[in-house]
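Work through the exercises below with the sequence and the structure open. Each task is followed by a solution in steps.

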Amino acid sequence: MKKFYSSIAFMFLLLANVYGQFDATITISDEVSTLPLENVDVFLDGQAGYTNASGQVTFTNLNDGTYQYSFVFDCYETGSESLTIAGANLAESAVMTPATTNSVFFFVGSPLTLPGATVSLFDAEGYLETLTTGNFLGDIFENVPFGDYNYTIELDCYETISGSVTVACIGGGQGVVVAENPVQIILDNSVTVVANTLTANEAGLSYQWVDCENGNAEIEGATGQSFTAVEDGSYAVVISSENCSTTSECFSIIVTGIFDATPAIDVSVYPNPFVANLNIRLTGHGGKTFVEIMSITGQLIIQENFTNSEFMTLNVSDLASGNYLLRVRNDFGQYSAPIIKQ
């Protein structure tokens, strides 16, 4: 009879193992405070549950064996542990580590992302990370420590954006989101041409005139808004502002004969070569007269205006020694001549 009852007990034990008659109760608590955590999502063997006010969740009908379980909760690091059922109900404990980092998402542009922008995220403690935009859904800095940060967004031909962001825990497992829409810089690259002088219409920027017939080689010293050509050629200007530049179309200039096309004005220049003062005598024709000294590359160096003056004197003592071009013009014509500063 004892054998019979032993066999029955063995059968019941076997059936319990087969049909999963055991429970596993898992308690989740805060690693730092040791307090129980409520509403933690816990996943085990295809089942899901969440902890009660005591930090507990129970999974039922488990067979003997080893199970992996994971637990997820806002503002905590995701955890993973294992438990083993061995013929009895089981009580298991696990702790969750409070999160110290979060992700920061940058959405640059609207409505579409602007690719190629450089985003820098930094703080006063030496943290510095950069990324280049290009992801359609936005770009991400991962595992950024909690704290206050500054950021810059830079992209050629767009205004640079500076801002600040606080990185902390956000409910729902969400990262910190920064959305910015940089303003495009549009430069006017049109040029006005009068005789052999080219003037960029966009004022107040940086300029570099180039020789189109020489592979757009930079013309030394030609960095003003206006450029006066002293020889036949084709010229353009590169206009720059902050992180943006644009190049004008090329303009063909024929210098030969321009200055003396109207030889009605009679000009005398002395002494030439000169040292400190350059004297100019204009015979006839009153009104406003412009006297200009240019470098041999066409850069305007000195410009003086005189009204109803027959004799004009320029103080050129600060001018470096070398060869220059003098131009005198008024409503009646122009005059040009090479001059030499000793």
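For sorting a pocket lining, Ala, Val, Leu, Ile, Met, Phe, Trp, Tyr, Cys and Pro count as nonpolar, Asp, Glu, Lys and Arg as charged, and the others, Gly among them, as polar. The model is predicted.

**Exercise 1.** Describe the largest pocket and sort its lining by residue class.

Solution. Start with the space: the largest pocket holds about 270 Å³. Its lining has 17 residues, and Cys 75, Tyr 76, Ala 99, Thr 101 and Asn 102 are the closest to the centre. Next, look for the main contributor: strand 8 (residues 101-108) gives the most to this lining, with three residues. Finally, sort by class: the lining of the largest pocket has eight nonpolar, seven polar and two charged residues.

**Exercise 2.** Do the same for the second largest pocket.

Solution. The volume of the second largest pocket is about 190 Å³. Of its 14 lining residues, Val 194, Thr 197, Glu 292, Arg 327 and Arg 329 are the closest to the centre. Strands that each supply at least two residues of this lining include strand 15 (191-194), strand 16 (197-200) and strand 28 (322-330). By class, the lining of the second largest pocket divides into three nonpolar, eight polar and three charged residues.

**Exercise 3.** Place Tyr 270 and classify its exposure.

Solution. Tyr 270 belongs to strand 23 (residues 266-270). Its relative accessible area is 39%. Buried means under 20% and exposed over 50%, so Tyr 270 is partly exposed. Leaving out residues up to four places away in sequence, Tyr 270 touches Leu 278, Asn 279 and Phe 311. Between Tyr 270 and Ile 339, 69 residues apart in sequence, the C-alpha to C-alpha distance is 9.4 Å.

Note on methods: Residues numbered from 1 in each chain as written. Predicted model: local features only at pLDDT ≥ 70, side-chain atom pairs only at ≥ 80, totals over all residues. Heavy atoms only, no water. Helix = DSSP H or I, 4+ residues; strand = E, 2+ residues; numbered from the N terminus. Buried < 20%, exposed > 50% of the residue type's maximum accessible area, 1.4 Å probe, protein only. Contact = heavy atoms within 4.5 Å. 1 Å grid on protein atoms, 1.4 Å probe; cavity = no way out; pocket = protein on both sides within 12 Å on 5 of 7 lines; lining within 4 Å. Points joined across faces, edges and corners; volume = space filled by probe spheres on them.
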